[in-house]
Structure formats: C-alpha cells, structure tokens
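Colleague: I'm new to reading protein models. Could you walk me through a few features?

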Amino acid sequence: MTGRAGRALRCLLLVAVVLTGLTATAPASAVRAAADEPAADVRGQAAWFAERLAENPVYLSDSLPRTAPLSAAPAYAEQAGRTGVPTYVIVLPKYTVTSGSGLLASVRDRLGEDGLYVLIETRPAHVTAEGFGVDVPAGDAARATLYELPYDAGTLHTFTHFVDVLTSGEAAVRAKEAAEGPRPATLFTTHTDRADQSFLTGLLLLGVPALILGVAGTVRLRTGGGPHPLRRAAPAAAVAAVAVGIGASLVFHQTRTTDDPLPTGRDMAARVERVAEGLRDGPLFVHPEVRRVLSAAEEERLAERAAELDVPVRMVSVMQNSEDESARRPEVFADRLHTVLGGDALYVVFEPDGERVQVVNYGLPLDDWDLTRYLWESRDAGVELYEQLDGLLSRVADAPPAEPGVPSRLPEIDDPRTRVTLAPLFSGPFWPGLVAGGVLAGILSGAVYGVLGGTGRVRRAGKFRPGRAATSGPSAPGMPSNRWLRRTAHRELHLLNKEFGALEAQVPKAARTRAWECLDAAALLLDQRDDGRIDPDAGPQDLAAAIALLRTGRAVLSDPGDAAGLGQLCSLNPLHGPATTRGRVRRSPRARPASRPVCQGCAAVLDGGADGGPSAPAERLVLRLRVAGTGPRVPYDEAPGLLEPGSRAAVAVDDVIAKVREARGVH
C-alpha cells in the first residue's frame with residue numbers, strides 16, 4: 001500500500017469513529033423526534049388540512065354528506081366555540097388517516113397556531129384530540145366520550161358530548177369511570193327494530209283484547225253459567241286496546257335512526273362537483289384528503305399514459321364509505337360523474353389501498369369483463385396499486401374492438417331523508433302483527449278451554465270431576481275428543497293388564513272372571529289387528545265402550561267382594577265406570593227426578609255435594625259422543641252402538657261384553 005493510500009484509509013477510519021461518537025451521544029430528544037415524525041402520506045394530508053383550517057377552523061369532508069354534511073359546519077363551529085380555547089376541527093371518513101394524533105401534530109406544525117385540535121372519524125364516530133399550548137383535558141375528554149356514548153351516536157352528537165366533558169371539570173374522573181363500566185345501550189331505533197316494534201304492537205293491540213274476550217267466552221262455555229262475556233269482558237278488552245295503542249306510541253316514539261343533520265342537495269353533490277372539476281384538468285384526480293399511496297412520479301406517469309390513449313379514461317381515487325353520496329357504490333359514483341361530465345369514457349374508481357378498483361364503461365368499444373377480470377386477478381395476486389393501474393391502461397391500449405360498453409343496472413340508493421326516517425309505528429309489519437295477534441289469542445283461548453276441561457274445574461260441557469265427597473272414582477269429560485279417548489283407552493288398557501297380572505292369584509274366581517271378560521272385550525274393540533296397538537280406525541263409540549269396560553275391570557279388582565254389584569255402568573257417563581249407587585236424575589230442567597244408577601261422583605254433583613251448589617240438571621253431566629268421527633255430538637244413549645241401554649235404566653256390563661263378542665264373531 002502506497003503512503004498516499006494509507007493516509008486516505010486512516011482519514012476514513014477517523015471520520016467513521018467521529019460519526020459513531022456523535023451518534024452515540026446524540027440527545028435522546030432528537031431520536032424521539034425522528035421516531036415521532038409522521039409518515040410521508042400523513043405529512044401530505046397535513047399540508048392540505050392546514051391550508052383549509054387557515055381558511056376556516058372547522059373542516060368537514062365532502063365524503064360524509066349523510067352524517068356530517070358541509071351545511072352543518074356552523075353547528076360544529078358553535079360547539080367549538082364553547083371550549084374556551086382556539087379549536088380546530090377536522091371530520092373525516094374512518095381509515096382516511098393512519099395516525100390521528102400524528103396527523104394533528106403535523107397539522108399544528110404547518111398551521112403554527114396553538115389550540116385544541118380535534119379529529120373526528122366516522123362512523124362510528126371516534127374522537128382524537130390534542131392540546132398544543134393550551135391547558136385542556138383533551139385526552140380524558142376523548143376517552144370519556146368513547147366509553148360514555150353508544151356506537152350509534154351521531155357525529156355532531158359525539159362532538160357536542162366531547163365538549164360537554166371537556167368543560168365539565170370532571171374529564172379525568174369520567175374517563176376512568178366510563179372505561180370501567182359497561183358500554184351504554186343504543187340511542188336510536190333501527191329500521192329492523194321499528195319493524196319488530198310494529199309487529200309487536202299489532203300483535204298486542206288485537207291479541208290482548210281478543211284473548212280477554214276469548215278466555216271469558218271459554219270459561220262461560222265450560223261453566224255454563226254467568227253473564228254473557230261481552231257484558232264484563234268487552235269494557236276490559238276496550239281498555240286493554242287503548243292502553244296498548246297509547247303505550248306503544250309512548251314507548252316506541254322515535255322517528256329517526258340518527259340525530260345527524262340532514263344533507264342538502266348541494267351537500268350530496270359537493271364531492272362529485274369537486275372531482276368533476278379536477279377531471280376537466282386531467283385524466284387522473286386524487287382526492288386531496290386521501291393518503292398518497294401513489295408517489296407524485298407514479299401519479300404523473302399514470303396521467304400521461306391515460307392522456308396518450310385513443311379513448312378517454314378518467315381515473316379517480318376517493319374514499320368510499322356508506323355515508324357518502326353514493327353509499328359506497330363506485331358504479332353509482334361513476335354514474336354521477338358521467339352525468340356531470342358527459343361523453344363516452346371509461347371511469348376507473350379506486351380507493352388508495354387498492355382493495356377496490358372498479359371500471360365503468362360508458363359507450364367505449366371495450367370488453368368490460370376482460371378489464372374487470374384482470375383487476376380481480378391482479379388484486380388476488382397481490383399486485384401493487386400502481387402496477388394494477390398501469391397494467392389496466394396497457395390492457396385498454398391493446399384491447400381489440402368490442403361492442404360499446406353499457407353500464408350494468410345501478411343499485412337503488414336510499415334517499416338520505418328516507419334512510420334515516422323510521423316508518424310509522426302503525427304500518428308495515430303492524431298488519432301481519434294484527435293477524436298473528438288474533439291467531440295467537442284463538443290458540444291461547446283454545447288452550448285455556450283444554451286446560452279447564454282437562455283439570456275438571458268446570459261443568460258446562462258435562463265435565464265430571466268428583467268432589468271431596470267422592471274422590472275415588474275416575475274422571476272423564478262430558479264431550480271427550482278423539483285424542484282424549486285414544487290416550488285414555490291406551491292408559492286404561494295398560495293399567496288393567498298390569499293390575500290383572502299382579503292380582504290374578506289374590507282375588508276370588510268370580511272377580512277374576514269378570515275382570516278378564518272386561519279386559520278381553522276391550523282388547524277385541526281396540527286391537528283387532530292383534531299388533532299390540534290401538535287400531536287407527538277405532539271410532540268414538542268403540543273407544544268409549546272399551547274405556548267403560550276397562551274401568552269396570554279395574555274397579556272389580558280393587559273391590560273383588562262386590563264384583564256382582566258392579567254390573568251396571570254409570571247411567572250419566574259410562575266413562576266413569578261402574579255405577580255404585582243411585583241418584584235422583586233430572587235429564588232436563590223441567591223433567592221430574594227419577595232414580596237411576598250412577599257413580600259416586602255423579603251422585604255427589606246431583607246432590608250439590610261436589611261444589612256446594614244446588615242440585616243440577618243431569619243434562620249437563622250426560623256423556624256426548626260423535627255419531628261419526630267428525631259428526632255432531634249426541635247423548636250416548638241416543639246413538640246406536642255398544643253403549644245403547646235399550647229399555648234399561650242404565651247400560652249393563654254383560655250386555656256390552658255380549659255385543660262386543662257378537663260384533664267380533666267370538667263365542
């Protein structure tokens with residue numbers, strides 16, 4: 001190594017050592033400053049916002065006409081004036097910036113003014129606040145606002161609440177308490193909620209009064225006494241209807257889904273006009289609010305390439321969100337641009353992150369599907385935004401002639417007023433609710449009818465339930481349904497089989513023979529197919545006769561010493577089983593009483609012992625069966641069949657057994 005070369009090397013080493021020392025001893029503040037320096041995209045946005053705030057301390061994005069319309073700027077300025085310090089407000093769509101605090105710091109550096117800087121991103125509205133050169137609890141007020149308000153709080157409502165907390169003198173305490181407590185419920189009713197409210201109102205408005213009338217009628221029908229239900233139930237039903245109607249109107253009183261100011265026509269057109277003006281100056285327009293993902297050189301190159309094409313291509317970079325004029329539908333935004341600019345053109349609408357790039361062709365001879373498929377494939381392959389757009393322009397340049405493009409049918413976009421206005425409570429699903437209320441009232445009334453019949457709390461339909469004076473006898477309704485008959489026959493058959501097997505060796509032969517005859521005859525009636533199940537075609541007469549025989553057989557086993565005395569069925573309702581006494585029976589109110597064999601329960605009712613009331617006409621206790629499965633009900637002793645008593649005062653058990661054996665050909 002020559003002397004000159006050695007000296008050069010030593011100089012380089014000395015410089016490296018000095019630089020290393022300087023770096024090691026650099027102030028920590030300088031390192032933090034470098035770390036806190038905003039990214040390039042934030043710095044570019046900050047310059048734009050600083051210029052706007054120098055003109056007006058309140059900046060509302062024209063991308064949020066549905067939630068923060070430009071015409072609402074005076075309302076925001078009014079709230080900002082309550083803070084007591086210079087306040088600068090920026091309202092942007094969510095995800096417009098990567099760092100809210102970094103943006104505010106950068107804006108303040110460029111504006112050069114001390115004060116309270118507030119960024120509101122929506123929706124849902126989120127507040128970021130920083131104080132520069134002023135003593136205000138900006139951070140605590142922002143945190144308290146975050147936790148004290150529900151997610152559906154409007155943007156202006158959120159800013160107003162922030163100012164309230166800021167000036168309350170309790171921002172720190174409220175921020176701590178709100179962070180530890182639950183998030184409050186929603187403030188407003190959604191369209192789905194209103195539909196549910198309307199349906200519920202209709203359901204209750206008709207269902208409650210109808211249920212009152214239905215239950216009253218059901219009870220009267222079952223008990224067979226008392227005044228007509230309308231005399232007492234109608235006033236109660238009317239009061240219930242009025243109460244439901246007024247109560248629903250008071251509880252479900254909201255008329256809007258938000259308290260955000262409604263936009264004007266100029267608010268809805270502001271962004272389209274801004275973008276259209278920019279496209280008149282060149283084929284590429286990047287909204288100044290958005291993050292600059294494309295470099296200046298890339299934007300210039302894309303604009304040059306688009307201008308060199310033989311067909312007009314208009315490229316737009318904007319934030320798409322549900323609160324903009326096109327409700328986040330790029331094709332709708334392109335259509336509105338086309339309405340302003342006119343002429344055939346290919347519109348390319350893309351978001352800064354490149355996730356949504358859409359082409360809309362108005363009249364150019366290009367294959368729209370080929371361009372769209374290219375964009376999808378590029379996005380799925382992770383191609384950068386610039387390369388996607390550059391490749392798209394190349395595709396357009398090399399595209400063979402095709403049919404002139406016709407945009408697809410545009411989706412319907414809600415009018416901003418219609419979107420936030422709730423339907424009247426008494427409309428829409430209210431009417432199906434009325435129908436459902438009537439149906440439900442009928443079902444519940446029927447259920448009440450069945451419960452009263454099943455528990456034996458009424459007597460109107462010939463229902464029998466032994467009173468305390470005779471609780472040993474079986475119960476049965478006076479007008480049993482086919483379902484009740486089948487279910488009871490199945491249960492009684494099972495019980496007699498079980499009891500006969502357990503007691504066969506313990507009872508006298510006469511009792512054992514009578515129980516077996518009852519069991520055998522009932523089995524012949526119920527199970528002709530001999531498959532161990534009740535035949536599906538068994539009719540009411542056969543089912544009733546089988547139940548009467550089975551209950552007689554069980555009564556014989558329970559009292560084998562009186563088997564000979566259990567030879568007749570209860571003359572009022574054979575389903576009660578054998579008659580064990582006699583009672584004075586009046587078959588109609590004007591008929592003279594006559595002595596007839598009855599069960600203990602019926603005797604107690606006839607004598608007023610079951611319910612403490614006066615002697616009742618036996619007509620109410622008589623079993624009524626359908627002649628056919630769906631025919632009218634008639635008293636059992638007036639219908640031809642196994643339970644027809646003939647000339648006797650009551651049905652004899654031996655006669656029923658004989659009729660069954662004869663009908664089934666058993667001797």
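Colleague: Okay, is cysteine 518 buried or exposed?

Modeller: Some ground rules before that. This is a predicted model, where local features need pLDDT of at least 70, side-chain atom pairs count only at pLDDT 80 or more, and totals for chains, interfaces and linings use all residues. Residues are numbered from 1 along each chain as its sequence is written, and side-chain values use heavy atoms, leaving out hydrogens and water. Now, buried means under 20% relative accessible area, exposed over 50%, and partly exposed in between (1.4 Å probe, protein chains only). Cysteine 518 has 0%, so it counts as buried.

Colleague: How many disulfides does the structure hold?

Modeller: In general, a disulfide is a covalent bond between the sulfur atoms of two cysteines. Here the test is a pair of cysteine sulfur atoms within 2.5 Å, and the structure holds 0 disulfides. Take cysteine 599: the nearest cysteine sulfur, that of cysteine 602, is 3.6 Å away. Cysteine 599 is buried too, because its relative accessibility is 6%.

Colleague: Which peptide bond is cis after arginine 123?

Modeller: Most residues other than glycine have a negative phi, and most peptide bonds are trans. The bond from arginine 123 to proline 124 is cis, with omega near 5 degrees. Another cis bond joins threonine 122 and arginine 123, with omega about 5 degrees.

Colleague: And what is phi of tyrosine 95?

Modeller: Phi of tyrosine 95 is near 70 degrees, a positive value in a residue other than glycine. Tyrosine 95 is exposed, because its relative accessible area is 60%. Alanine 327 also has a positive phi, about 50 degrees, but alanine 327 is partly exposed at 24%.
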